[in-house]
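Q: Could you take one part of this structure and walk me through it closely? I'd like to know how the pieces sit, in plain words.
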Amino acid sequence: MLYSVYEFNRIAMTPWRAAANATRQALRSPMNPMADTIAGRSMAAAAELFESVTRRYAKPEWMLDHTTVNGKCVGVSEEIVWTKPWCSLLHFERDHDALIAARGDTKPDRKVLFVAPMSGHYATLLRGTVEAFLPDSDVYITDWQDARMVPVTDGRFDLDDFTSYIREMISLLGPDVHVVAVCQPGPPTLASIALMAQDDDPKRPASMTYMGSPIDTRLSPTVPNKLAEEKPFDWFASNLIHTVPAPNPGAFRRVYPGFLQLAGFMNMNLERHVDAHWDFFTHLVDGDGDSADKHRTFYDEYLAVMDLSEEFYLQTITDVFQEHKLAKGTQMHGDRKVDPAAIKDVALLTVEGENDDISGIGQTQAAHTLCSGLPDALQQDWIQPDVGHYGVFNGRRFREQIAPRMKAFMDETGEAALASR
């Protein structure tokens, strides 16, 4: 019922949003004598604020149509190179001729696969991550599907399926790929690579990087970790799983709705979000277009959320946050036990944020303990000072300090891993 009520409310608000848009446009028209008055700007700002907080935000565009290499513009296009009902593998194809002209050589760039989180937001949350790597890397990223858009005839999707998908994509890209798992996909990505190592799969990657990932949530538990442990499994199944209503393509599928995930994120820092929207209102009234645009850019991404399948969400709760199966050595993939200690020649880098309030310090570092078969020469760890969870993979410190460190690790340690095989 909750999902249906949410949809009804969204539809019921449609004419009010239309009216707010019309009001905003009329009050900002240069033909309107009120446009340059405090009253006019205040009413227009209020109308835009109302529309922005009552809208359902669509999946954002990547908006990465070019990159800069040695001061020269190189075109970028999006290409789907692999697809299944629950995910597409997206390749950011750079203009080959322009790239050679800008660099003056034909040396191939490092190949990087970013495994985006499937935790409520779209893969575009990593736009800044991808952008930082485009000038000197051949970039691929997982583009997970919104469960609301997947017909029930396409079947179920759980954590084991997620793990299998990652293995298939790694195998497609080959042994010279560097895999980067951001936040949520850390455990299933590590499981995928462990299974490849157990099979002595020749396509296992050159390196793996985990960023702010819940490898072992028993270490430095945060508020979300504690909630997952304090509440019994039945509470999650009874209170957070709802049925997608018609006419959505995924009608009748049981899901963890994105709007509930968003509500949880917002409540963690409610005062900060309220202040941000008040500042947005005042920027509009003051005519501070640059600050208003920054607010729109952030919240157009932050408020765009996707649903997760029931089985994927609940299995993640039990296996990762309640029973800590990978960390305890009891993780199974189908009828196979996952053994990260089998990884002996895939370089490992872990990156954490000093102020991360979602994945506490030590949770990602736990990957080093689990990968006990790796020599020290193939392992590195980095804790980035003065950043929270999102600062681990986005923002100025990521671009200036974390990304260069990751690239150096891939080029040096990844090559050493390949050479050792």
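A: Here's a stroll along one helix, with a stop at a histidine and at a second helix afterwards.

A quick word on the ground rules: this is a predicted model, where local features need pLDDT of at least 70 and side-chain atom pairs count only at pLDDT 80 or more, while totals for chains, interfaces and linings use all residues. Residues are numbered from 1 along each chain as its sequence is written, and side-chain values use heavy atoms, with hydrogens and water left out.

Let's start with helix H7, residues 186–198; helices are DSSP runs of H or I, at least four residues, numbered from the N terminus. At 1.5 Å a residue its 13 residues should span 18 Å, and the end C-alpha atoms are indeed 18 Å apart. (That expected span is 1.5 Å times one less than the number of residues.) H7 is mostly covered, with twelve of its 13 residues buried, meaning under 20% relative accessible area with a 1.4 Å probe, protein chains only. Among them are Pro 187, Pro 188, Leu 190 and Met 196. Just after H7, Asp 200 takes a positive phi of about 50°.

Next stop, His 324, in the loop between helix H13 (310–322) and helix H14 (325–328). His 324 is buried too, at a relative accessible area of 5%. Leaving aside neighbours within four places in sequence, its contacts (heavy atoms within 4.5 Å) include Asp 216, Arg 218 and Glu 229.

Last, helix H12 (residues 289–302) reaches 20 Å from first C-alpha to last, close to the 20 Å expected. Its buried residues include His 295 and Tyr 299, and what covers the buried residues includes helix H10 (258–268).

How values were computed
Helices (H or I, at least four residues) and strands (E, at least two) are DSSP runs, numbered from the N terminus. Buried means under 20% relative accessible area, exposed over 50%, partly exposed in between (1.4 Å probe, protein chains only).
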